[in-house]
Every structure is written in C-alpha cells, then in structure tokens.
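Trainee: Got a minute to go through this one with me? I'd like to start with how the helices pack.

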Amino acid sequence: MDVAPRPPDRGAFGRALGALVPAVPFLWLTFFFLIPFVIVFKIALSEPATAQPPYRPVFDLSFGLEGLSEALSQLSFYNFSLLFEDSLYFSSFISSLRIAAVSTVLLLAIGFPIAYAMAKAPERWRPTLLMLVILPFWTSFLIRVYAWIGILKPEGLLSTLLINLGLIGEPLQIMNTDTAVFIGIVYSYLPFMVLPLYATLEKFDYNLLEAAEDLGCPPLRAFWRITVPLAMPGILAGCLLCFIPVVGEFVIPDLLGGSETLMIGRTLWSEFFSNRDWPLASAVAVVLLVLLVGPIVAYRDIEARRWEKAK
C-alpha cells in the first residue's frame, strides 16, 4: 500500500512566514487606510482654531485619562450637519457625481473600441499598441494637463488651426467650461479604461461570434448578446478605476474648469488651504469616502457571485 509522502517540515520560520503572507494586505490596509481614516475622522469631530494644528481638541496623552476624557467630550458632529445644511457642499457632491458619471460613459464609449481593436490586432503588434496606451504615463500628469491649456485656450493651437483652415471665424471658447474638464478627464484617464478592457477582450474566444453568425445572428446582436456580457468584468473594472478617482479630481477642474465648475475636490482643497478649516474639510473627505465605498462593495459582491457561478 502506497503511502503519500509527508510534506517537508518548513520549521518555525517557514510556518511564521506562511502565516504572515495572508496578513500583508490587512497590515497594508491598517497602516495606510484605517489609521489615516481614524485620524481624519477624529479631526472631523473637532472644532477649527487659530493654532497649529488649526483645530481642537488635540489628544495629549501626557495629561493621562483625564485629558483624554476631556478631549473626547469636546468632539462634535457639527461639521457633518453643516454639510447637509449648506447647499454648496451638496451641489459640489452632485456635480462631482454628474461629471464623473458622464466622463465614465465617454471613457467607455472611446475605450471599448480601442481595446477591442487592440485585442483583434495581430499578436506581434499587441505589445507595441499596449506601449502606446501606457506611453502618456511617462510624462508628468500635471504637465499633460497644462498642455491642454495651450491647446484649448482661445489663442491656443486648436483655435489657431481651425481659423487658418477657414473652418471657424472666431476663437473657440472651450477653456473654463465643463467641456474642457471632460476633455482633460477623458484624455488623462483613458488608459485606466483601456487596460482592463484589453485584458478581458484578449482572452475572448472570437469563434463564438463566428458560430453566432453561422446560426443567423446579426453582427450587432451578437455583439450585445455575446461580446458585451463576456467583457463585463473588464467593463466594471474600468468604470470603477475611472469613476472613483474622477469624483475626487482636483487638478483638472482647477486648471481647465471655470469658477462655476463645482467639484468636491476643489471644495476640499479650498477648505483645507484657503479657509484653513481642517475639521470641515475632514468631514467632506469622510462623506466622500463613504459615498465611494458603495460602488466598491457592489463590485466586490458582483465579482464574488461571478466566481461562484464559474466554479
């Protein structure tokens, strides 16, 4: 009777290392997400003050439990209630969600054909096409946004070119509008949409489309009934990778948008650095995080159900 060989004893160090590997993500989230979030949430429950740091109470463990108890008693939810009372913050949240949603739809409409063409390209060309998609990351994000200022301003490259071609009679007024913000966002975040879609479509079995055509299915219906459902993991991943950071975007609306372009990132920056109201700005950051946790949790549940069905 054959006896299965026993696995080699890895020793105490090996067992400790094996137990540490699954704990690494939790340690990472604890130190770089949970602890900073607790600090920001604590500041959100404080009051602004002309001091350094510009809020009170400040926890000072040197005063012992009495000092800690007194600091806890001074915490207040006033900053959170102010967010719902002042229409500025509500309008900023709604405007950010609107701009992020429209930008994500535009990114998907532009990114899907690009990823589909890359996936169907000859295999020898795919690394080159992939490099071209990643190539903008080799330049500073801020420099690329500043470049769009030179392109979109009334005396910029775009207006000058169209006037010289005789297509328009006066300069375009694109700068300091939502249109300029959408252009900047789509250009900056397009690789985040293309890469997940390409990773999904590259594994796609295109024989399924040929089989559907042989069975009399029109190409457009085959695309909606076969390609889109099988590409849904890449679509969801790309939309989340774009939507979540766009909601809190600050640089693009600040440089390309006008004074009427309300986004929560600009409001957050203004409260932190212009008004120096750290507690209110922290409350804005906490509410923004809570709003963005919803799509992340929904995506996690969808992926979990998809993996269960695949088993």
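Mentor: This is a predicted model. Take helix α4 (residues 87-120) and helix α8 (residues 178-201): their axes come within 6 Å and cross at roughly 45°.

Trainee: What do we call α4 and α8 at that angle, then?

Mentor: The word is oblique, because the crossing is roughly 45°. As for handedness, α4 passes α8 in a right-handed crossing. The contact of α4 with α8 has 23 nonpolar, 3 polar and 2 charged residues.

Trainee: Which residues does UniProt give as "transmembrane region"?

Mentor: The unreviewed UniProt entry puts that label on residues 97-117, 129-149, 180-201, 222-247 and 278-299. It also has "domain: ABC transmembrane type-1", covering residues 93-299.

Trainee: How much helix is in residues 93-299?

Mentor: That span is 75% helix and 0% strand, with its end C-alpha atoms 21 Å apart.

Trainee: And what about a couple of the shorter stretches?

Mentor: Residues 222-247 are 96% helix and 0% strand, and their end C-alpha atoms lie 34 Å apart. For residues 129-149 the figures are 71% helix, 0% strand and 27 Å between the end C-alpha atoms.

Trainee: New topic. How many disulfides are there?

Mentor: The count is 0 disulfides.

Trainee: Why doesn't C242 form a bond with the closest cysteine?

Mentor: Because the sulfur of C242 is 7.1 Å from the one in C239, the closest cysteine sulfur, and that is too far for a bond. The cut-off for a disulfide is 2.5 Å.

Trainee: Is C242 buried or exposed?

Mentor: C242 is buried, at 0% relative accessibility.

Trainee: Where is L292?

Mentor: L292 sits in helix α14 (residues 278-310). L292 is buried too, with a relative accessible area of 11%. Its C-alpha atom is 17 Å from that of F80, and the two residues are 212 apart along the chain.

Trainee: Now the backbone. What is odd about the phi of N176?

Mentor: N176 has a positive phi, about 60°, yet N176 is not a glycine. Most residues other than glycine have a negative phi. N176 lies in the loop between α7 (157-164) and α8.

Trainee: What is the phi of R276 near?

Mentor: Phi of R276 is near 55°, a positive value, and R276 is not a glycine either. R276 is in the loop between α13 (264-274) and α14.

Trainee: How accessible are N176 and R276?

Mentor: N176 is partly exposed, with a relative accessible area of 49%. R276 counts as partly exposed at 39%.

Conventions:
Residues numbered from 1 in each chain as written. Predicted model: local features only at pLDDT ≥ 70, side-chain atom pairs only at ≥ 80, totals over all residues. Heavy atoms only, no water. Buried < 20%, exposed > 50% of the residue type's maximum accessible area, 1.4 Å probe, protein only. UniProt positions renumbered as here; feature names shortened; annotations may be inferred. Helix = DSSP H or I, 4+ residues; strand = E, 2+ residues; numbered from the N terminus. Axes fitted to C-alpha atoms, helices over the stretch in contact; angles between N-to-C directions. Parallel < 35°, antiparallel > 145°, perpendicular 65-115°, else oblique. Left-handed = near helix turned anticlockwise from the far one by under 90°. Nonpolar A, V, L, I, M, F, W, Y, C, P; charged D, E, K, R; others polar.
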